[in-house]
Amino acid sequence: MSKNAPPSYTAIDKEAVPVSARIRSRIRAAQQRFHANDNISDFIEAGELELLLDEVQDKMKAVLDSLVIDTESDHNTQDTARRVAKMYVNEVFKGRYLAQPAVTEFPNVEHLNELMIVGPITVRSACSHHFCPIIGKLWIGIMPNQHSNLIGLSKYARLAEWTMCRPQIQEEAVTQIADLLMEKVSPDGLAIVMEADHFCMQWRGVKDMDSKMINSVMRGSFLKDATLRREFLSLLNNNKK
């Protein structure tokens, strides 16, 4: 066996090898990334997500022990390890472990080519530096063409949620959403603006409660056409009031 080849696990081995190690081995064999904001659902086999939840629970219990929290006699923290594991795997980081939500695409039969804005979409994530919450709003501008695929309004929110439900930094998150929508819709132009509160600034560190982060991504006609860009930003600003 090549030294770079992934280990092959027998049924007995699988009992001894943590499920996270088996998943990680498949990802490395495929020479793919598994950064905090990557989706790894293609490498998770049936039944493994529940095993991963159990593994995270065990390791979270070890973290609580290292924090010198008596989870045996403290009624408030007896089930905290399980609750935190379920929160991470099934809720706030589910965008890493679940496949992309199904999105029905429709042809642009009427050849619509006017500006469309969707938002504000509420987004929730966690900073990949401290795992503190990121909560904010997202606006999406679409300039379709006759070859664009049209998707339902709710699907913009579902795709944004799927992308944001991973440890993120905001600058990368908006780019990921932009890439995904360009692939799905194929518009002439795409604009995204996100405004969010970062609890890694509000809850810890400088503890500044007023600062927000606002960033944008412009693609295609929004990048090339200053008039279109101003129209989008003007309509967005009016919507915020």
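The largest nonpolar core of this predicted model has 24 residues, of which Leu138, Ile140, Tyr156, Ile177, Leu181 and Ile192 touch the most other members. Such a core is a set of buried Ala, Val, Leu, Ile, Met, Phe, Trp, Tyr and Cys residues joined through side-chain atoms within 4.5 Å. Buried means under 20% relative accessible area (1.4 Å probe, protein chains only). Two or more residues each come from strand S2 (116-127), strand S3 (133-143), helix H6 (153-164), helix H7 (170-185) and strand S6 (189-198). H7 gives the most, seven residues. Helices (H or I, at least four residues) and strands (E, at least two) are DSSP runs, numbered from the N terminus.

Another core lies apart from this one. It has eleven residues, including Ile27, Ile40, Phe93 and Tyr97.

The model is predicted: local features need pLDDT of at least 70, side-chain atom pairs count only at pLDDT 80 or more, and totals for chains, interfaces and linings use all residues. Residues are numbered from 1 along each chain as its sequence is written, and side-chain values use heavy atoms, leaving out hydrogens and water.

Now the pockets. On a 1 Å grid over the protein atoms alone, a pocket is an open set of points where a 1.4 Å probe fits, with protein on both sides within 12 Å along at least five of seven lines; lining residues have an atom within 4 Å of a point. A volume is the space filled by probe spheres set on the points, which are joined across faces, edges and corners.

| Pocket | Volume | Lining | Top contributor |
|---|---|---|---|
| Largest | about 550 Å³ | 21 residues | H3, six residues |
| Second largest | about 370 Å³ | 20 residues | S2, six residues |

Ser20, Leu52, Val56, Arg96 and Tyr97 lie nearest the centre of the largest pocket. For the second largest pocket, the residues nearest the centre are Val92, Arg124, Ser125, Ala126 and Pro133.

Conventions
Buried means under 20% relative accessible area, exposed over 50%, partly exposed in between (1.4 Å probe, protein chains only).
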